[in-house]
Every structure is written in C-alpha cells, then in structure tokens.
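Subject: Structure handover

Hi,

Here is the structure I promised to pass on. My notes follow below it.

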Number of protein chains: 4
Amino acid sequence: MSLREQKLQKKKEDIIRSAATILQEKGLHGTTMEEIAAQLLMTKGSLYHYFKNKEDLLFQCHKIILDISNEKITEILESNQSSIHKMESVIRSHIHLSTEENVIFSLIDKPESTFSGQNIEKVVSQRSYYANCIDKILQEGVNNGSFKNINIKLSRLMILGSLNWIQQWYQPGGANTSEDISDYFVQKLVQTLTD
Amino acid sequence: MSLREQKLQKKKEDIIRSAATILQEKGLHGTTMEEIAAQLLMTKGSLYHYFKNKEDLLFQCHKIILDISNEKITEILESNQSSIHKMESVIRSHIHLSTEENVIFSLIDKPESTFSGQNIEKVVSQRSYYANCIDKILQEGVNNGSFKNINIKLSRLMILGSLNWIQQWYQPGGANTSEDISDYFVQKLVQTLTD
Amino acid sequence: MSLREQKLQKKKEDIIRSAATILQEKGLHGTTMEEIAAQLLMTKGSLYHYFKNKEDLLFQCHKIILDISNEKITEILESNQSSIHKMESVIRSHIHLSTEENVIFSLIDKPESTFSGQNIEKVVSQRSYYANCIDKILQEGVNNGSFKNINIKLSRLMILGSLNWIQQWYQPGGANTSEDISDYFVQKLVQTLTD
Amino acid sequence: MSLREQKLQKKKEDIIRSAATILQEKGLHGTTMEEIAAQLLMTKGSLYHYFKNKEDLLFQCHKIILDISNEKITEILESNQSSIHKMESVIRSHIHLSTEENVIFSLIDKPESTFSGQNIEKVVSQRSYYANCIDKILQEGVNNGSFKNINIKLSRLMILGSLNWIQQWYQPGGANTSEDISDYFVQKLVQTLTD
DNA sequence: GATGAATGAGGGTTCATTCAT
DNA sequence: CATGAATGAACCCTCATTCAT
C-alpha cells in the first residue's frame, strides 16, 4: 500500500470511528451527513470523497465493528482455554468492546431494511459468523460436559441480549465500572450454562 | 363515556397498535406518517385528527405499552406468590406481552432525544416505575432468603436486557414458540438469582 | 322575509361580525375557518351552511362593512350641512366606525388577488362609491369656495390614509380616546382643505 | 470582508429585495417560499442556504428597510435645517423610499404575531426609533415656535398614516408622479403643524 | 482534494372543503 | 341543521447528493 493509500485509509477510519459514535446515539435516520462532517471539522461535500454515499459509510462502520469482533472471537475460539474459560473471555471481550472501545454492536437491527444489494449479505454473513462462533463454543462445552441442559441457540440469544443491552444503560463514570459489570455478568451468565 | 367517545378511543388504539409495529421495525425517523396511514387505509392528514403530531403518536404508543406493563407488574408485585414465583411471573408476562401482544418495550432508547417537554418526564417516570417494581421483588427475595449473592441493579439490567432483546429475533411461527422461550428463560434467569 | 329567513340572516350577521374581528387581527391567510367557528362556539363544518366557502365569508364581511359605510356617507352627502360640516361628519363617522363599531376598512388591500369573478367588481364598485362621495363633497366645497387650492384626489387619499391607519395603532382604553382622535383629526385635516 | 462573503451578502440582498416586493403584494401568509424562489430563478430549497426559515427571511426584509429609513432620518434629525425643513425632508424621504426605492414600510402590522423571540424586540425597537426621531423634530419645532397647537403623538400618527398608505394606491407611471405627491403632501401636512 | 452552492425528492403539518350520519 | 371524520392539495423545511470552481 502506497503512502497515499495509507493516509487515505487512516482518514477513512477516523471518519468511521467518529460517525459510528453519532450513529449510535441518534440512529441512522436521525444522523445527518452534515453532523458527521461537522464533528470532524469537515464539510459535507468532503465526506463524499471517502464514501460513495451514506449507506456506504454506514456499511463501513458496521464492517469495521464486525471485523474487530470477529477477529477477537476467532482468536478465543481457537485458543487452548477450557470451554468455560472461552465463554468468559467472549463475555469479557464483548463488554470491553462495547463499553471501552465504543464498538457498537447494535447499530442496525434489520440489515435488510437498511442496506441494499451485496451489503445485506455481507453484514448478515459477518453476524452469522459471530453467532456461529458462540454456538461452537457452547457445543464444545456440551460435548466435553462443561455445559449441561442447555439449548444452544436460546442460550446464545439470552446471553447476547443481556450483553448488547448494556450500551443502552452503561454510563462511563457511572456507579458500575466496566470491570464490575464484566465480573458480574461473567459469573451469572456462565452459571446458566453450567447448571 | 359516550358512544362517540368510545369509537374515538377505539380508533386511537387501532392506530397506536398499527403504528407501534412499524415504529418498532423502522424506528422513529425511519417511519413516515404516510406509511402508518397507509397500513390503516387512511390518508396522512387523517392521522392528525387523532394525534397532535408524530411525537404525540409515538408518545401514546409508548404510554399504552407502559400502562399495560405497569398494571401487570403491579398486580404481580402485590400478589401473594413467593418471590421466586413473582420473578417467574414477571418474566413470563414480559415475554408474553412482547411476543404475543406485540407490545414493544424498546421503542425508544433515549426518551430525551425523542420527546420534548413533559413527555420526557412522563416516559422516564413510567419506566422507572417498572424498574422499581422489579427491584422491589428482588429485594423482597433477598430479605426472605430466596435470592442470594445478587446485585439487584445489575441483575435487573441483565434480565431486562435478555428479555427486551427477544423482539429482535423472535419470529412468530419460528423454531421456538413463545412458550418454549418463556420456559427456558424463566428457568435460566431465575437460576442466576437463587444461586 | 319569513321568520326562518330572518333567523338565518341574523345568524349570518353574527358570524360576519365575529369573523371580521379575527380577520382584521390575523389577516385572511392567517385566519382559519376553525378559529372563526371556535369563537362562535360552532364547528368548522357548520360555517358551510351559511357561507359557500371562505372567500364568500370574506366577501360578506367586506360587503356589510361597505354597506354601512356607504349608507352613512350617502346620508351625509345628501344632508343640508355646509361642505366643511360634511367633511367633518365624514371624518367623525369614519373614525367612529373603525374605533367603536369595529368596522374594518382595510380588510383587504388588493381585491383582485383575493376575490374571484363577480366579487372583485362588486367590492371595487362599492369602494369607488365611497371615494366618489368624498370627491363630491370636496368638489362641492371647491365650487362654493369653502375649500381652496386642493387636489381633490390627493387630498382624499391623504385623508383616507391617515384615517384607515388609525386601526393600526388605536387601542381602546389607551391614552387617546376615540373622541380625542376625532377632534384632533377633524381640526387638522379640515385645515388642509380650507387653507 | 472576503470576496466570497461579499458575494454571499450580495446574493442575500438580491433575495431580500425580490422577496420584499412579493411579500408586500401578498402578505406574509399569502406568499410561498416557492414563489419567492421562482422569481429569482432558484429552487425552494436553495433559499434555505441563505435564510434559516421564512420568518428569518421576513425579518431580514424588515431589517434592511428599517436600517435604511433610520439612517436617513438620523441624518435629517442631526442636520442644521430648520424644524420645518426637517419635517419636509422627512416626508420627502419617506415618500421617496416607498415609491422609488420600493422600500416597504408596512410589511408587517403586528410584529408580535409574526415574529418570535428576539426578532420581536428588534423590530419594535427599530420602529420606535423612527417614531422617536419624528417626535423629536416635532418637539424641537414646538420649542422654537415653528409648530403650534399640536399634539405630537397624534400628529405623528396622522402624518405617518397618510404616508404609509401611499403604497396602497401609488402606481408608477400613474396620474400622479412621486414628485407631485411629495410636493402636495409636504405642503398640506406641514400646514397642519404650523397653524 | 476541498468547498459551498444548488437541487429535488420527500416528510411533517395545516387547512379548506366535503360528506355520511 | 349540526357534527366530526376524512381528504388532498399545498406549504415549510430537511437532507442526501451532485458539481463547478
């Protein structure tokens, strides 16, 4: 990658990071290109040098988030930890990303009504990958006896629900630190798997 | 209430029910008054006979949901069941409302950026009431020894997270029936409270 | 006229009187049929029993005002007073109507852009009649030597301007009573005619 | 001021000048943003680059008019002419502005029901300034014996009424030139002050 | 590359008017 | 006669997108 391309890439990531924050706060339709530009001290028109259109920008936001998340979970899945440890790591990582790295997992609930063409499939496939990884860990645990009496799909949905919801109420500097939450959620959620 | 007023009220509720569905799917800014009207075979302008403006309609949607939910939970709180039974009832009721009655709990994440004036306070206060009821049940359980080693606030948030998330993935007629989900969630979530 | 027709006529006049007040305050486009109805404790739809449409209502307002004014000025023109006395009477009458009887002379500045069809001509012709009467009085005064060195048209426009403007600033119960204004305007305006 | 800012300012003034004409003819509520835009060969949306909303545009129209008028009258007030000469100048200037420069004095009769927030006060204060200047000239004339037996406030209202009304009937190219009107109004109106 | 001007489609809202009851 | 529901056209305003400079 040439120096120029590197700078371009760097700029794109800055924009994405900034945009993601606003998009999370105000939602897709509640956020204007002007607001995104303003926060970056750019003009509206300049955004179009970096992204084809609003959907493209949103898609890139989504992609970067899912890239990071999937990289993390892959690493965990392929590690040598016990199944229980893997689930703990997944939970901690998920909470860390959403509270500390401002990674937004629930930017868009319904890819179908937001994206068009290939973007839909890409997003859906990246999401499925994340879900699949969790399911694999759970299945692994069932196989080796760590997890008992569970419905894999429902447990995954229950866990992800409580994790994704955190961003609705988490306040940096609030009564509960990210650490506190992690400890508590890890303990309680793993408990639902181990019987 | 006169016959006319009854019909008015009935119509309002029809609109609210219909609007809530679309609002849930597409979000506040993603839903147009025209779409809401079209689904009811009305014209856009007619909606304004029943609601002052879009915010008013959204507020009424919210209110009706919270009225129902709060009525239900009050009933449970004041019943003679054991603490464990009460939590089970709350979970079952919450899931029932969101999957069967199409009651949407997470219409708006940030009342402050959606509502104006008094509406903000009303919504916030109704939400707090619901949260408070759950906290009371949890506290009761702690006091009488049913629940152990729990952080009331974090447990409440964890449980509500997994419950509210259900609407993101629940499909009527899908693999898991509302009943299945209830049974599983009741068992697993109560388990996190009883140690 | 039958009793029924009399009642109808009476009702129409009530509406007109009430409507004229609001129309003066808020202007044609600033006043809604609903507001007019509300002030009369009627519903919007009922107005359409009495008037074909908004323009019709506005036209009737205009007509009633001009009927009264023209009746008054005809009376003065045909009286046996001196020319000076006649002008004094016209000024007093005009001020009286606009301050006491709430008769609005300047409801519509440009009949052409407000009315359609025959209504335009009717309004224009009634206005011309009023102007003509004043011109006749002025001409009479010139002929009999009461008024000197005047341009009839310009004097008429000057006088009517200062009179019609009164409604822009007159406040019942304010510093200047209707009487005060009349006395002062009569004195000063007649002075411009008599040299 | 940069070249760019100059062009912006120039464009704004063009719009204001054009809008003022239509606003005078049709009134605030009778004029649409589309009409204003069309006359300038723009599209509706483009107007919003220059003005925040319709009220803002109207306010700027008003402001530019009152700025000009107040500058003129201040100049006259502070000049070395006699009181009589000053009043003559005021009248001539007022007529000149309204007939030749298309400056509209009576765009809005009731600032309170048209403007909101600070705009109300700004307009009211600018209007008061103009009225005050006239009152000062009249008072000056009373003090030095040029004007006799006058009620300053009522004389000011009478004069301004006849002057503001001119725009209701003046037709460029009509029977009376702006000059004719000025000469006649100066003579007759000053006469009402000097006894 | 960056900017600001311009556009045009679309959304929320108002309101005169109609009409069934 | 009166009412209130319903309509649809028109209006203000926003905003994603384009483009000349």
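**How chains C and D relate**

Chain C superposes on chain D by a rotation of 179° with 0.1 Å of shift along its axis, at an RMSD of 0.3 Å. That is the relation of a two-fold axis. The same surface serves both copies, with 97% of the contact residues of chain C recurring in chain D. The residue of chain C closest to the rotation axis is S162(C), at 2.1 Å for its C-alpha. The fit is by least squares on C-alpha atoms of residues with pLDDT of at least 70 in both copies. Contact here means heavy atoms within 4.5 Å.

**Ground rules**

This is a predicted model: local features need pLDDT of at least 70, side-chain atom pairs count only at pLDDT 80 or more, and totals for chains, interfaces and linings use all residues. Residues are numbered from 1 along each chain as its sequence is written, chains are lettered from A and ligands numbered from 1 in the order in which they are written, and side-chain values use heavy atoms, with hydrogens and water left out.

**The C/D interface**

Chain C and chain D give 31 residues each to the contact. They bury about 3000 Å² between them, and carbon and sulfur atoms give 61% of that. Buried area is the accessible area (1.4 Å probe) that two parts lose on being put together, summed over both. L154(C), W165(C) and Y184(C) supply 22% of what chain C buries against chain D, more than any other three residues.

Nine residue pairs are in polar contact between chain C and chain D, both residues at pLDDT 80 or more. A polar contact is a pair of N or O atoms within 3.5 Å; within protein, one must be able to donate a hydrogen and the other to accept it, and residues adjacent in sequence count only if both atoms are side-chain atoms. The rule finds zero salt bridges across this interface. It asks for a side-chain nitrogen of Lys or Arg within 4 Å of a carboxyl oxygen of Asp or Glu.

On the side of chain C that touches chain D, α1 (3-26), α8 (152-169) and α9 (178-194) each supply at least two residues. The largest share, 11 residues, comes from α8(C). By class, this side has 10 nonpolar, 14 polar and seven charged residues. Helices are DSSP runs (H or I, at least four residues), numbered from the N terminus. Ala, Val, Leu, Ile, Met, Phe, Trp, Tyr, Cys and Pro count as nonpolar, Asp, Glu, Lys and Arg as charged, and the others, Gly among them, as polar.

**The B/A interface**

Here the contact takes 30 residues from chain B and 32 from chain A. The buried area is about 3000 Å², 61% of it on carbon and sulfur atoms. L154(B), W165(B) and Y184(B) supply 22% of the area that chain B buries against chain A, more than any other three residues. The rule finds zero salt bridges between chain B and chain A. Nine residue pairs are in polar contact, both residues at pLDDT 80 or more. On the side of chain B that touches chain A, α8(B) gives the largest share, 11 residues.

Chain B makes no contact with chain C, and their closest C-alpha atoms lie 13 Å apart. Nor does chain B contact chain D, where the closest C-alpha atoms lie 18 Å apart.

**DNA strand E**

There are 30 residues around DNA strand E, and Y48(B), K54(B), K54(C), H49(D) and Y50(D) come nearest. A residue is near a strand if one of its heavy atoms lies within 4 Å of it. Of the strand E atoms within 4 Å of the protein, 69% belong to sugar or phosphate and the rest to bases. Phosphate oxygens of strand E lie 2.4 Å from a side-chain N or O atom of Y50(D), 2.9 Å from a backbone N or O atom of M33(C) and 3.4 Å from a polar backbone atom of T31(C). The surface near strand E has seven nonpolar, 14 polar and nine charged residues.

**DNA strand F**

DNA strand F is also surrounded by 30 residues, the closest being K54(A), H49(B), Y50(B), Y48(D) and K54(D). A base oxygen of strand F is 3.2 Å from a side-chain N or O atom of K44(A). Phosphate oxygens of strand F lie 3.2 Å from a side-chain N or O atom of T43(B) and 3.1 Å from a polar side-chain atom of Y50(C). With five residues, α3(C) gives the most to the surface near strand F.

Best wishes
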